[in-house]
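Me: Could you walk me through how some of the labels in this model were reached? I'd like to see each value held up against its cut-off.
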Amino acid sequence: MAYVITMPAIVADAEDAGLASWAISVGDEVTSGQHIADIETEKATVELNAEDTGTVARLLIEPGAVVEVGAPIAVLSQAGDDDDGAVEAALAKAGVGSDDAASGAGAAEAGGADSADDAAPAEQADDAETAVAKQASGQQGSGERLFASPLARRLAKEKGLDLNGIEGSGPSGRITRRDVESAAAAAPADAAHGAAQASSGSGTGASGTQPATASGAVAGESATQEGAAQVNNWTEEAASPMRKAIARRLTQSVNEIPHFYLTGDVQVDKLLAFRKEVNAARADSEGKITVNDFILLALGRALAEMPDANSTWHDGTIRRHKTADVAVAIATEKGLLTPVITDVGSRTLGSVSAAAADYKTRAAEGKIRQHELEGGSFSVSNLGMFGTREFSAIINPPHAGILAVGAAEQQPVVRDGELTVATMMTITMSADHRVLDGAVAARFLNKVKNHLENPLSLIV
């Protein structure tokens with residue numbers, strides 16, 4: 001019997017997820033455990049594996065589509081199934097009409113047909129959206145049922161729009177995300193036009209209310225056009241699941257975590273010279289050690305040496321961690337990722353460097369896995385390569401702190417009463433005051449600084 005594959009709830013409390021890519025095509029034979037798709041969650045791309053064997057009968061959504069968790073995304077048929085009948089029965093059981101499923105799957109099955117080529121990407125995405133969305137009912141003024149995709153309903157609620165006043169362009173007149181966005185874009189212009197008409201219908205003089213003059217009407221029309229231009233002087237795009245996660249988590253961090261900040265200046269001349277020697281002795285295949293590798297190792301060693309700092313806050317309790325697991329902030333085209341390098345305090349410099357390089361490569365390819373983003377007690381964010389001298393970073397919950405690293409620059413310093421030049425780097429620690437007091441945080445930052453100023457301490 002054919003069965004429907006649904007969008008999995010890979011991340012706890014996720015409302016929707018996106019399809020990054022299919023690893024299968026219609027007609028392929030699939031075995032249990034086989035990789036069939038890549039799902040983009042809020043912070044990572046996760047492989048979706050088949051739970052049963054079968055033949056791919058239909059692919060219901062296109063790559064790039066975002067649908068609700070639990071929405072049908074594909075259908076597998078079994079040996080002996082009447083293909084069309086079995087697929088329609090499976091879709092009906094899942095609460096998706098065969099007409100809607102066919103329209104949603106059309107582009108995926110067409111394989112280069114004219115209808116797929118001619119359709120705009122936004123239209124294909126909306127058709128896929130409406131094909132898998134559950135038919136949530138409402139009442140219009142005429143008593144007819146109102147059909148809208150869940151994403152359209154949520155977007156309309158956010159923008160304060162009444163779905164009853166929006167004409168749907170999806171299958172069977174269903175309201176799609178595009179319909180809501182179009183209505184939202186038109187609303188400010190309509191409001192401005194209405195205000196202009198109201199103002200042009202009357203004018204106020206010394207003797208009271210008088211009809212507006214022709215010049216007043218022209219001025220009002222000009223103001224309306226100028227206002228409309230100002231209102232529409234931007235573009236909007238839907239936030240990706242990753243961007244939504246970043247917004248939610250950092251807003252939570254600022255609102256819930258009592259941040260305080262400590263700043264230190266690190267002289268890194270010895271570190272830079274030592275790094276040069278280490279890289280000269282390494283084989284090309286091993287890759288180059290970076291300054292950030294030293295910073296990660298220094299932070300890991302400091303956490304291992306100060307268990308009080310290697311802690312996180314959890315609903316009124318303080319969790320002491322047995323290993324120093326450190327997250328490294330990596331910028332990607334889609335947003336910021338913070339994969340965790342485990343047990344940094346016990347690793348060698350080469351091991352930390354290899355782990356960081358692997359994460360950087362896979363982050364660029366969208367191959368960081370969800371479990372690699374979990375855990376840890378501290379993060380490192382390094383903007384020194386962009387020329388940033390100093391900055392304060394927002395803590396990544398539930399971590400107790402984050403170390404913000406600036407650029408290494410030659411600066412005048414006074415040593416033993418004499419003016420000289422040294423290469424200095426500013427580090428700023430954001431700390432969670434629920435876990436770390438000022439004195440503990442100061443001692444911890446000083447340990448990090450000492451390790452960086454004496455790099456031999458990191459390899460002995």
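Me: Which residues is Arg362 in contact with, leaving aside its neighbours within four places in sequence?
Reply: In this predicted model, Arg362 is in contact with Lys367, Ile368, Arg369 and Glu372. Arg362 itself sits in helix α11 (residues 349-364).

Me: And why is Arg362 called buried?
Reply: Happy to show the step! Its relative accessible area is 17%, and buried means under 20%, so Arg362 counts as buried.

Me: What makes α10 oblique to α12?
Reply: The axes of helix α10 (residues 291-305) and helix α12 (residues 438-453) cross at roughly 135° and come within 9 Å. Angles over 145 degrees count as roughly antiparallel and 65 to 115 as roughly perpendicular, so α10 is oblique to α12. The crossing is right-handed. Among the residues making the contact are Phe294 of α10 and Phe444 of α12. By class, the contact has nine nonpolar, one polar and three charged residues.

Me: How many aromatic pairs are there?
Reply: The count comes to two aromatic pairs.

Me: Why is the pair of Phe274 and Phe294 called edge-to-face?
Reply: Their ring planes are at 65°, and over 60 degrees counts as edge-to-face, so the label fits Phe274 and Phe294. Phe274 lies in helix α9 (residues 269-281) and Phe294 in helix α10, so the pair ties together parts 20 residues apart in sequence. Both Phe274 and Phe294 are buried.

Me: And what makes the pair of Phe378 and Phe444 tilted?
Reply: Here there are 40° between the planes, with the centres 5.1 Å apart. Stacked needs under 30 degrees and edge-to-face over 60, and the rest count as tilted. Phe378 lies in strand β18 (residues 378-382) and Phe444 in helix α12, so this pair ties together parts 66 residues apart in sequence.

Conventions: Residues numbered from 1 in each chain as written. Predicted model: local features only at pLDDT ≥ 70, side-chain atom pairs only at ≥ 80, totals over all residues. Heavy atoms only, no water. Axes fitted to C-alpha atoms, helices over the stretch in contact; angles between N-to-C directions. Helix = DSSP H or I, 4+ residues; strand = E, 2+ residues; numbered from the N terminus. Parallel < 35°, antiparallel > 145°, perpendicular 65-115°, else oblique. Left-handed = near helix turned anticlockwise from the far one by under 90°. Contact = heavy atoms within 4.5 Å. Nonpolar A, V, L, I, M, F, W, Y, C, P; charged D, E, K, R; others polar. Buried < 20%, exposed > 50% of the residue type's maximum accessible area, 1.4 Å probe, protein only. Phe/Tyr/Trp six-rings, centres within 6.5 Å; stacked < 30°, edge-to-face > 60°.
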